[in-house]
Structures are given as structure tokens and as C-alpha cells.
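Trainee: Could we go through this model together, starting with the cysteines and then moving on to the metal site?

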Amino acid sequence: MSSCSRALPPTLAALGVVALVSLPGQARAEDDSFAMSVGVSLSVSFGQKLVAFGLGADLRATFLMEGSVPGAFDSGHMGFGPFAQATWLNFSAGRFAIGTHGGGDLSRDASIDGELGWMYRTPYRDLLPGQHGLHVGVMASLLDPAVVDFSAGAAIPLSGEPFAPEGMLGVGVHAAPIFGERSTAIDGRPLRTADGVVLPPALGLGPAASRPARLDRATRAALAGAWLDSARAECGSIPAFLALARDLAAVGAPASLVARALGALGDEVRHTARCSEIASELAGWRLRPALLPPPAARDADRQAALVRMALEAWHDGCLGEGAAAARARRSLAGAKDAGVRAVLGEIARDEALHAELGWRVLAYCLAEGGREVREAVGDAMTGPAPAPPADDAEVEGERKEVQAFGRLPRAEADAAWDETWAAARRDGERMLVAA
Ligand SMILES: [Fe+2]
Ligand SMILES: [Fe+2]
């Protein structure tokens, strides 16, 4: 067999990651200041008719309020904007409402929205004449796995007879969360730029020796893709730590903190290489993420830098790297492959230390930045939990093999995230009280 044809099967296995490999630098930045959602509903109304059944369509646009650091973090997931509704009542009349709605997310899985506006109902075919009036309503939505709404409202007539207010109850679905998609975290410390979080692109550098494991082609390609995603996330942490070291030095932080940030940078270089090796061996193709430069320093002054660094320490260190450590520990429990176990052990240990560095940076910023930092961090800690990391999406393939190669089922990855969030919030609130 020629070397070319020997290289072919692993190359085919790598096809699953080829789309990703060929992509240029990928920004996950999104415009998160505006959201639009369309929905349909079934409703019953009481009052003017004994009972009227309604089939409705709903459109709402929402201007989202900015988070504490514009562009750098998830928006507050609160907002307001116009809405429009059309309902077909008893296949005989139409009710139209327009107005303003406003509300926000209560948690990762639920939101609440109130609305106030003007409504017009066309005449019923039998006796009731058309009427206009005031429309008030409230809508509670479950966000996961689909956006399911439960609504209650009232229409208060302002014209014509009869003066009979109408009550409405409805259930429906929206195509997208009303207060925008929750942007997801990145595995470990993400690279934040002025345009949002950036994941380094991946490069395919030619055939590599394939790992002799009994894996079907689809599972092998899916695992290679997942480990390549991890390598890209780890690679993004390198410039992120370089920027952290630079910014710590700029605000006059102790040299020991600066040194620890640089030490963490070294860990991330190692993690990148080890994750890339696993991805390459699985794909039979040399895969490497491309190193990106650190983001430019962009804080207006020392105070702004302290606020931003405190929030990043909380989001990316205490939460992001804390969760990366928790996931690696859980992955280790199911991992069988010796090489994978070695890498996971290393990542679990290092990421826990990086999370601890996050707590130290947070403590420093709280001590130096005063009330403004306390308030910003307090808001972040008491707001809805951020969504779990994006690249924890379940790897498709033989479940046992997937776990043997160190990838967690979705439910376990989410549990690691939730446990990290709960513990960090408890410790964080204690730290805030002490500050
Ligand atoms: Fe790492
Ligand atoms: Fe890290």
C-alpha cells in the first residue's frame, strides 16, 4: 500500500472536522443589544362571549439593556420594545393588539414579560360590534429546551357596547427567547476582544500517525472534533493570560499575581499541545489551532480596568476555569485511554489553580476598586446563571467510547457547570460581604 493510500482512511475520519479546519478565525461575537422573536399561541377568552377560542400570532422586538461592561459580557437579559399580536377568535372575529412589552430573564430557564397597549376587535358575525380598548398582559416563558409561553391578559373596552372587560389565558411557543439567546461560555479562560469572544481558527497541517483504537469512523471524527475544539479553547487562553499579566502590571498589582498569570500562560501552551496531539492522533491528520495576538489594552483608566478585570476574573477564572477543572475531574472518572487520562489529570490540576488565581485577582480588584467594583461583581453574581460552555455539546458516537476518550455526556457537563456556579456564587457572596 502506498503511503498516500494508507493516509486515506484516517483522512476520511477527519472529514468530520474538515469544515471546521477550513474555517478562518471565528468570532463568536454577536450583536446582543437587540432581539426579535415570533410566536404562535392558543388561547381562551372569557367575558364578552361566554368562551372564545383564539389562534394567535405574536411578534416582539426587544432592545436589550447592556451588561456592566458593554460588549464584553452577556447583556443583562432585560429589555423592552414593541410587540404586535393578531388573534383569530372563534373563526369569526379578529383581535389585534400593539403596544410595549418589557421584562427579563428570571433564571437560565425562565423569563417574564409584561405588556401594555391598544387593542381592536373586529365585529363578531352574530351580535357583538367591533370595539377598541386597552390591552394588558403578562407572559411567563420556559426557555429550555424550547421557548414555551404561558400568558394571561385582559382587554378593557374603551368604546361601544357592551362594556365587558375580557380575560384571556393562553399557551404558545416562540421561535427564540424574547430577551435574546444566552451567549455561551468557552471551555476555560476565553479570549475576549473588543468584538466579543474569539475562538482561534484550526489548521490542518498534513497526515499524522493515527491512534490504533477500535473506533468507528463517525465516533473517531466526532472525538477528533471535540478535542480540536478543546485545543482551540486552550489556545485562546494563551493570549488571554498574556493580556491579564499585562493589565495586572498596568494597574500596579503585586508581582506575584503577574507571575502567576504568566505561569498559567505556560500551562495553557501545554494544554493546547496535548489536546492538539489527541485530536491529531484521532483524526490521522496534524491539527493545530493558530495562536492569536492578545487583545489591545482598551480601558479608559485604572478604575475601568479594575472593574473589567474583576468581572473577567469572576466569569472566566472563578466560573470558566473552575468549571473546566470540574469537567476534567468528571471526565477522568470515565476515561480509559491512558494518554487521555494523563491530559485530563493535568488539566484538572492546572485549571483548579487558574480558578484560584481568578479568585485572587478578584480579591485584589475588590480591595483596590471600591464600591464600583463591588456593585458590578454583585450584579454578575446575583444575575441569572450564564449558559454552560458551548463546546460541551454532547459528542455524537458510541457512548462508552466517547467517555473512554474523555468526553462527558451533556447532562454531566451541565451538572459540572451548575455545581461550579452554585459553589462560586456562595464563595463570591461571602467575599463581597467581607469586602
Ligand atoms: Fe487550560
Ligand atoms: Fe486555564
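**Cysteines, metal and confidence**

Trainee: How many disulfides does a search of the whole structure find?
Mentor: A disulfide is a covalent bond between the sulfur atoms of two cysteines. Here the term is used for a pair of cysteine sulfur atoms within 2.5 Å. For the whole structure, the number of disulfides found is zero.

Mentor: A word on the basis: this is a predicted model, where local features need pLDDT of at least 70 and side-chain atom pairs count only at pLDDT 80 or more, while totals for chains, interfaces and linings use all residues. Residues are numbered from 1 along each chain as its sequence is written, chains are lettered from A and ligands numbered from 1 in the order in which they are written, and side-chain values use heavy atoms, leaving out hydrogens and water.

Trainee: Is C275 buried or exposed?
Mentor: Buried means under 20% relative accessible area, exposed over 50%, and partly exposed in between, with a 1.4 Å probe and protein chains only. C235 has 3% and counts as buried. C275 has a relative accessible area of 0%, so C275 is buried.

Trainee: Which residue bridges the iron ion (ligand 2) and the iron ion (ligand 1)?
Mentor: Donors are N, O and S atoms within 2.8 Å of the metal (3.2 Å for Na, K and Ca), and sites may look incomplete, as water is not among the atoms. For ligand 2, the protein donors are E268 (OE), E321 (OE), E351 (OE), E351 (OE) and H354 (ND1), at 2.0 to 2.7 Å. The two iron ions lie 3.4 Å apart, and the residue bridging them is E268.

Trainee: What spacing do the donors of the iron ion (ligand 2) follow along the chain?
Mentor: Helices are DSSP runs of H or I, at least four residues, and strands are runs of E, at least two, numbered from the N terminus. E321 sits in helix α5 (residues 302–334) and E351 in helix α6 (residues 338–382), 30 residues apart. Both of these glutamates, E321 and E351, are buried. Along the chain, the spacing is E-x52-E-x29-E-x2-H.

Trainee: In which helix is confidence highest?
Mentor: pLDDT is the predictor's confidence in each residue, from 0 to 100. The protein has a mean of 85, and 87% of its residues reach 70 or more. Confidence is lowest in strand β1 (residues 26–27), at a mean of 38, while the highest, at 96, belongs to helix α4 (residues 255–283).
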